[in-house]
Amino acid sequence: MPRADFYLIAKPRFSERPLLLVCELARKAFVTQQPTLILTRDFEQAEELDELLWSFDEDAYIPHQLAGDDDDADTAVLIAPPGVDAPARPLIINLREQCPPSHGDRVLEVVAADPAAREGSRLRWREYQRLGFEVNKHDM
(Lines give C-alpha, C1' and ligand atoms only; values in the text may rest on other atoms or scores of the structure.)
Protein backbone atom coordinates (compact mmCIF):
# COMPACT_ATOMS: atom_id res chain seq x y z
CA MET A 1 0.00 0.00 0.00
CA PRO A 2 1.45 3.42 -0.91
CA ARG A 3 1.94 5.86 1.92
CA ALA A 4 1.61 9.65 2.25
CA ASP A 5 3.24 11.44 5.19
CA PHE A 6 2.31 15.03 5.97
CA TYR A 7 4.97 17.06 7.80
CA LEU A 8 3.21 20.01 9.45
CA ILE A 9 5.71 22.72 10.23
CA ALA A 10 5.48 24.23 13.70
CA LYS A 11 9.08 24.66 14.91
CA PRO A 12 10.59 28.14 14.39
CA ARG A 13 13.63 26.68 12.61
CA PHE A 14 11.42 25.27 9.86
CA SER A 15 8.61 27.85 9.89
CA GLU A 16 11.09 30.58 8.99
CA ARG A 17 12.68 28.44 6.24
CA PRO A 18 10.42 25.51 5.26
CA LEU A 19 12.93 24.33 2.65
CA LEU A 20 15.30 23.37 5.48
CA LEU A 21 12.88 20.58 6.35
CA VAL A 22 12.92 19.48 2.71
CA CYS A 23 16.74 19.34 2.91
CA GLU A 24 16.56 17.21 6.06
CA LEU A 25 14.10 14.83 4.41
CA ALA A 26 16.29 14.61 1.29
CA ARG A 27 19.32 13.85 3.48
CA LYS A 28 17.47 11.02 5.23
CA ALA A 29 16.39 9.62 1.88
CA PHE A 30 19.93 9.75 0.51
CA VAL A 31 21.40 8.07 3.59
CA THR A 32 18.86 5.25 3.25
CA GLN A 33 19.52 5.04 -0.51
CA GLN A 34 16.01 6.00 -1.62
CA PRO A 35 15.99 7.71 -5.03
CA THR A 36 13.99 10.88 -4.48
CA LEU A 37 12.03 13.29 -6.65
CA ILE A 38 11.20 16.73 -5.24
CA LEU A 39 8.30 18.47 -6.98
CA THR A 40 8.57 22.23 -6.49
CA ARG A 41 5.88 24.89 -6.92
CA ASP A 42 7.88 26.84 -9.49
CA PHE A 43 11.32 27.24 -11.05
CA GLU A 44 12.36 29.86 -8.48
CA GLN A 45 11.70 27.45 -5.62
CA ALA A 46 13.60 24.70 -7.48
CA GLU A 47 16.65 26.96 -7.82
CA GLU A 48 16.43 28.03 -4.16
CA LEU A 49 16.26 24.41 -3.05
CA ASP A 50 19.16 23.47 -5.34
CA GLU A 51 21.34 26.12 -3.67
CA LEU A 52 20.17 25.24 -0.16
CA LEU A 53 20.97 21.54 -0.61
CA TRP A 54 24.61 22.55 -1.19
CA SER A 55 24.81 24.86 1.82
CA PHE A 56 22.33 23.89 4.57
CA ASP A 57 24.89 21.63 6.33
CA GLU A 58 28.61 21.85 5.61
CA ASP A 59 29.04 18.18 6.54
CA ALA A 60 26.25 16.89 4.29
CA TYR A 61 26.73 15.86 0.69
CA ILE A 62 23.52 15.04 -1.15
CA PRO A 63 23.96 14.39 -4.89
CA HIS A 64 21.18 16.37 -6.54
CA GLN A 65 20.30 18.37 -9.62
CA LEU A 66 17.46 20.04 -11.43
CA ALA A 67 15.65 17.40 -13.50
CA GLY A 68 15.99 17.36 -17.25
CA ASP A 69 19.59 16.23 -17.85
CA ASP A 70 20.86 13.02 -19.43
CA ASP A 71 22.19 11.78 -16.09
CA ASP A 72 18.91 12.13 -14.16
CA ALA A 73 18.72 8.36 -13.64
CA ASP A 74 22.11 8.39 -11.89
CA THR A 75 21.35 11.29 -9.53
CA ALA A 76 20.08 10.50 -6.02
CA VAL A 77 17.80 13.54 -5.67
CA LEU A 78 16.04 15.21 -8.59
CA ILE A 79 14.36 18.59 -8.26
CA ALA A 80 11.53 19.11 -10.75
CA PRO A 81 9.70 22.38 -11.27
CA PRO A 82 6.37 22.32 -13.16
CA GLY A 83 6.77 21.67 -16.87
CA VAL A 84 9.88 19.50 -16.46
CA ASP A 85 9.29 15.81 -17.05
CA ALA A 86 10.84 13.54 -14.47
CA PRO A 87 10.03 9.88 -13.90
CA ALA A 88 8.35 8.90 -10.64
CA ARG A 89 10.70 7.56 -8.00
CA PRO A 90 10.09 5.42 -4.91
CA LEU A 91 10.05 8.59 -2.78
CA ILE A 92 8.46 11.88 -3.81
CA ILE A 93 8.62 15.08 -1.76
CA ASN A 94 5.68 17.17 -2.93
CA LEU A 95 5.71 20.95 -2.50
CA ARG A 96 2.93 21.59 -5.01
CA GLU A 97 -0.72 22.40 -4.38
CA GLN A 98 -1.93 19.18 -5.99
CA CYS A 99 -1.12 15.50 -5.54
CA PRO A 100 1.56 14.17 -7.91
CA PRO A 101 0.11 12.75 -11.14
CA SER A 102 2.21 9.61 -10.66
CA HIS A 103 3.77 8.35 -7.47
CA GLY A 104 6.11 5.78 -6.06
CA ASP A 105 5.82 3.95 -2.77
CA ARG A 106 5.79 7.03 -0.57
CA VAL A 107 4.94 10.72 -0.86
CA LEU A 108 6.09 13.30 1.68
CA GLU A 109 4.05 16.50 1.90
CA VAL A 110 5.76 19.47 3.56
CA VAL A 111 3.07 21.84 4.85
CA ALA A 112 3.91 25.39 5.94
CA ALA A 113 2.37 26.84 9.09
CA ASP A 114 0.09 29.37 7.37
CA PRO A 115 -3.67 28.60 7.24
CA ALA A 116 -3.90 28.69 3.41
CA ALA A 117 -1.24 25.98 3.09
CA ARG A 118 -3.00 23.89 5.73
CA GLU A 119 -6.31 24.07 3.84
CA GLY A 120 -4.69 22.80 0.64
CA SER A 121 -3.07 19.97 2.57
CA ARG A 122 -6.48 18.86 3.84
CA LEU A 123 -7.69 18.49 0.27
CA ARG A 124 -4.60 16.46 -0.68
CA TRP A 125 -5.02 14.32 2.47
CA ARG A 126 -8.53 13.37 1.36
CA GLU A 127 -7.33 12.71 -2.20
CA TYR A 128 -4.59 10.36 -0.99
CA GLN A 129 -7.13 8.52 1.13
CA ARG A 130 -9.41 8.20 -1.88
CA LEU A 131 -6.51 6.75 -3.88
CA GLY A 132 -5.92 4.09 -1.21
CA PHE A 133 -2.85 5.56 0.50
CA GLU A 134 -2.02 5.01 4.14
CA VAL A 135 -1.92 8.62 5.40
CA ASN A 136 0.08 9.87 8.42
CA LYS A 137 0.72 13.24 10.08
CA HIS A 138 3.96 14.40 11.71
CA ASP A 139 4.23 17.68 13.64
CA MET A 140 7.54 19.32 12.92
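Is Trp 125 buried, partly exposed or exposed? At 25% relative accessibility, Trp 125 counts as partly exposed, and this tour, which moves through a predicted model, will come back to that residue after a view of the whole chain.

**The whole chain**

Begin with everything selected and coloured by secondary structure, which comes to four helices and seven strands. Followed along the sequence, these elements appear in the pattern β-α-α-β-α-β-β-β-β-α-β. The radius of gyration is 14 Å, close to the 14 Å that the globule rule gives for 140 residues, so the chain is as compact as a globular protein of that length. Turning the C-alpha trace along its principal axes, you will find that it spans about 35 × 30 × 30 Å. Of the 140 residues, 45% count as buried, and among contacts between residues at least 6 apart in sequence, 62% join residues at least 24 apart. If you display the accessible surface, it comes to about 7600 Å², with 49% of it belonging to carbon and sulfur atoms.

**Helix α4**

Next, select residues 115–130, which make up helix α4. This helix has 16 residues and reaches 23 Å from its first C-alpha to its last, close to the 22 Å expected at 1.5 Å a residue. Show the side chains of Ala 117, Gly 120, Ser 121, Arg 124 and Tyr 128, which are the buried residues of α4. They cover an arc of only 105° around the axis, which puts them on the same side of the helix. Now rotate to the other side of α4, where Pro 115, Leu 123 and Arg 130 are exposed. To see what covers the buried residues, add several strands to the selection, including β1, β5 (91–94), β6 (106–111) and β7 (134–139).

Still in helix α4, pick Gln 129, which at 44% relative accessibility counts as partly exposed. The C-alpha atoms of Gln 129 and Ala 4 are separated by 8.9 Å, although these residues stand 125 residues apart along the chain. Just after α4, stop at Gly 132, which takes a positive phi of about 90°.

**The aromatic cluster**

The structure holds four aromatic pairs. Select Phe 6 together with Trp 125, a tilted pair with 5.1 Å centre to centre and 45° between the planes. Phe 6 lies in strand β1 (residues 3–8) and Trp 125 in helix α4, so the pair ties together parts that are 119 residues apart in sequence. Phe 6, at 1% relative accessibility, counts as buried, whereas Trp 125, at 25%, counts as partly exposed.

Keep Phe 6 in view and add Tyr 128: the ring centres are 5.9 Å apart and the planes stand at 75°, so this pair is edge-to-face. It again links distant parts of the chain, with Phe 6 in strand β1 and Tyr 128 in helix α4, 122 residues apart. Tyr 128 counts as buried, at 1% relative accessibility. Finally, add Phe 133, and the selection shows one aromatic cluster formed by Phe 6, Trp 125, Tyr 128 and Phe 133.

**A loop with a positive phi**

For the last stop, move to the loop between α2 (18–31) and β2 (36–39), where Gln 33 lies. Most residues other than glycine have a negative phi. Gln 33 has a positive phi of about 60° although it is not a glycine, and at 70% relative accessibility Gln 33 counts as exposed.

How values were computed. Residues are numbered from 1 along each chain as its sequence is written. This is a predicted model: local features need pLDDT of at least 70, side-chain atom pairs count only at pLDDT 80 or more; totals for chains, interfaces and linings use all residues. Side-chain values use heavy atoms; hydrogens and water are left out. Rings of Phe, Tyr and Trp (its six-membered ring) pair if their centres lie within 6.5 Å; planes under 30 degrees apart count as stacked, over 60 as edge-to-face and the rest as tilted. Helices (H or I, at least four residues) and strands (E, at least two) are DSSP runs, numbered from the N terminus. Buried means under 20% relative accessible area, exposed over 50%, partly exposed in between (1.4 Å probe, protein chains only). The expected span of a helix is 1.5 Å times one less than its number of residues. The arc is that of the directions from the helix axis to the C-beta atoms. Contact means heavy atoms within 4.5 Å. The radius of gyration is taken over C-alpha atoms; the globule rule is 2.2 Å times the number of residues to the power 0.38. Accessible areas come from the Shrake-Rupley method with a 1.4 Å probe; for residues, only the protein chains shown count as cover.
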